[in-house]
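Trainee: I am new to this structure. Could you walk me through it, one question at a time?

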Amino acid sequence: MSLPSTSREPAGEADDYLERRRLRRGSAGWLLLTGLGVAYVVSGDYSGWNFGLAEGGFGGLAIAMLLMGAMYTCMVFALAELSSILPTAGGGYGFARRALGPWGGFLTGTAILIEYVLAPAAISIFIGDYVQSLGLFGLESGWPVYLACFVVFIGIHLWGVGEALRFSFVVTGIAVAALVVFALAALPRFDASSLDDIPVDSSALGANSWLPMGLLGIWAAFPFGMWFFLGVEGVPLAAEETREPARTLPKAIRWSMGILVVLAVVTFFAAAGARGSAAIQDAGNPLVEALQPDGEATVLSRIVNYAGLAGLVASFFSLIYAGSRQLFALSRAGYLPRFLSLTSSRRAPYLGLLVPGAIGFALAAGTGNGARMLNIAVFGATISYALMSLSHIVLRRREPELPRPYRTPGGVLTSSVALVLACAALVATFLVDVTAAFIALAVYIVALAYFGLYSRRHLVAKAPEEEFAALAAAEAELSRD
């Protein structure tokens with residue numbers, strides 16, 4: 001029997017190769033992972049989503065949030081199943097590698113990297129804006145603040161994954177508690193008549209007070225509806241550092257998504273109803289604006305403002321973690337230069353943290369355009385969502401007998417809904433910022449050229465994701481003999 005594979009062993013013993021690329025196992029249970037899932041996203045409740053009001057109005061953004069919430073819900077159910085089958089640090093790359101082959105794995109992993117390298121860069125800029133607006137230490141938004149963010153928080157990650165996840169959990173708890181405080185303060189001021197106060201574009205198809213930009217505004221608001229959930233798919237990247245991953249990951253993913261849905265609905269309605277959609281559609285800190293009807297700061301608005309900074313820190317911190325683990329897995333398997341997956345004595349992928357951090361800092365300091373970088377991140381995210389959903393469908397069809405400790409409710413129908421909505425969201429990125437979409441596409445093309453010309457011939461067969469795929473190929477060949 002011959003084993004079809006493009007992989008080959010690296011120089012030296014495979015065991016030594018993997019030993020120098022080993023993460024600390026058993027560092028996280030389901031509670032810390034649930035906190036990690038919420039941390040990825042919580043900053044999106046504090047800012048960013050409200051720009052969708054300018055694209056689609058209250059009704060348009062509400063429908064976009066509903067559809068994108070459905071996409072994420074369906075996708076995380078599929079990811080819960082996939083992570084129980086293949087609990088490795090590769091996450092989405094590993095799932096696609098098994099289902100779609102090396103090209104599919106690289107396409108998915110690269111898309112995830114685009115998301116997790118660009119998003120922290122954008123958030124560091126937003127952190128700088130918050131520091132300046134709050135007057136903290138007299139600092140202004142600029143490269144010293146961005147540099148401090150990367151140095152301090154990457155330093156915590158280098159200290160160890162257990163310490164990093166606990167720090168993230170505490171900061172996320174503060175941010176979520178402040179959202180509850182915000183809702184309790186804003187809901188008594190709720191006025192339904194202020195929800196649809198954005199002027200109507202009478203030339204738009206289907207325009208009315210609820211859809212002031214017409215039916216197309218719903219589609220244009222998709223990327224902003226995603227901001228309530230963007231990043232939760234990163235939970236499986238912690239698989240190799242998790243206790244009982246086949247059981248823990250599905251539970252953490254489901255709990256994270258449930259919490260995020262509740263926070264999204266409450267935040268959206270409370271903010272728009274307390275102040276009006278028109279007043280917060282362009283605000284950098286919409287929750288603070290919602291609590292300042294006369295433009296004067298109050299005790300509650302200051303509390304929410306500080307908590308917004310905590311939310312940004314939580315998301316920045318956790319996205320750095322996710323990006324380092326995806327880079328680690330791709331490098332360990334040979335898709336990217338192998339030295340990037342080396343781990344320290346504390347089992348942290350130090351180059352997987354430092355290299356994306358340096359790139360992120362350079363982008364933040366060099367451009368200062370956080371909104372564009374987030375749009376590029378969304379482009380990468382939607383590609384990965386489509387490919388991960390497709391991977392679930394392919395594995396269900398091709399390998400129905402594969403052991404599945406957790407099974408997605410609804411099966412391929414659930415992942416098919418996620419696939420269709422992800423493709424729609426991908427097209428919507430061109431409606432919002434065509435420049436950002438083409439920049440992301442250019443990065444993608446360069447990465448694919450590297451893979452096609454070099455790394456696909458230098459894959460590491462003993463990497464967990466590659467070994468899992470090779471086993472599937474061997475079993476398929478045996479079944480044909």
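Mentor: Happy to, and we will go from the whole chain to single residues, keeping in mind that this is a predicted model.

Trainee: How many helices and how many strands are there in the protein chain?

Mentor: Let's start with the secondary structure, since it gives us names to use later. Counting both kinds of element in the protein chain gives 18 helices and zero strands.

Trainee: What is the radius of gyration of the protein chain, and what does the globule rule give for 481 residues?

Mentor: The C-alpha trace spans about 75 × 50 × 40 Å along its principal axes. For 481 residues the globule rule gives 23 Å, and the chain comes close to that, so it is as compact as a globular protein of that length. The radius of gyration itself is 22 Å.

Trainee: What share of the 481 residues is buried?

Mentor: A residue counts as buried when its relative accessible area is under 20%. The accessible surface of the protein chain comes to about 17800 Å², and carbon and sulfur atoms hold 67% of that surface. As for the residues, the buried share is 60%.

Trainee: Among contacts with a separation of 6 or more, what part comes from residues 24 or more positions apart?

Mentor: Here we look at how the chain meets itself. Of the contacts with a separation of 6 or more, the part from residues 24 or more positions apart is 83%.

Trainee: Let's zoom in. Is Glu81 buried or exposed?

Mentor: Glu81 sits in helix α4, which covers residues 51–85. Leaving out residues up to four places away in sequence, Glu81 touches His392, Arg396, Arg404, Tyr406, Arg407 and Thr408. Its relative accessibility is 1%, under the 20% cut-off, so Glu81 is buried.

Trainee: Which residues are linked with Glu81 in a network of salt bridges?

Mentor: Side chains of opposite charge can pair when their charged atoms come close. Glu81 forms a salt bridge with Arg396, with the closest N and O atoms 2.8 Å apart; this pair joins helix α4 to helix α15 (residues 370–398), 315 residues apart. Arg404 also forms a salt bridge with Glu81, again with 2.8 Å between the closest N and O atoms, and since Arg404 lies in the loop between α15 and α16, this pair ties together parts 323 residues apart in sequence. The residues in the network with Glu81 are therefore Arg396 and Arg404.

Trainee: Are Arg396 and Arg404 buried or exposed?

Mentor: Arg396 has a relative accessibility of 15%, and Arg404 has a relative accessible area of 10%. Because both values are under 20%, Arg396 and Arg404 are buried.

Trainee: Which residue forms a salt bridge with Glu466?

Mentor: Glu466 lies in helix α18 (residues 464–480), and its partner is in helix α5 (residues 92–134), so the pair ties together parts that are 369 residues apart in sequence. The closest N and O atoms are 3.0 Å apart. Both residues of the pair are buried. The partner is Arg97.

Trainee: And where is Val235 found, and which residues is it in contact with?

Mentor: Val235 is found in the loop between α9 (222–226) and α10 (245–275). At 0% relative accessibility, Val235 counts as buried. Leaving aside neighbours within four places in sequence, the residues in contact with Val235 are Leu33, Gly37, Tyr40, Leu249, Ala252, Ile253 and Ser256.

Terms used
Residues numbered from 1 in each chain as written. Predicted model: local features only at pLDDT ≥ 70, side-chain atom pairs only at ≥ 80, totals over all residues. Heavy atoms only, no water. Helix = DSSP H or I, 4+ residues; strand = E, 2+ residues; numbered from the N terminus. Buried < 20%, exposed > 50% of the residue type's maximum accessible area, 1.4 Å probe, protein only. Contact = heavy atoms within 4.5 Å. Salt bridge = Lys/Arg side-chain N within 4 Å of Asp/Glu carboxyl O. Rg over C-alpha atoms; globule rule 2.2 N^0.38 Å. Areas by Shrake-Rupley, 256 points an atom, 1.4 Å probe, with all protein chains shown as cover.
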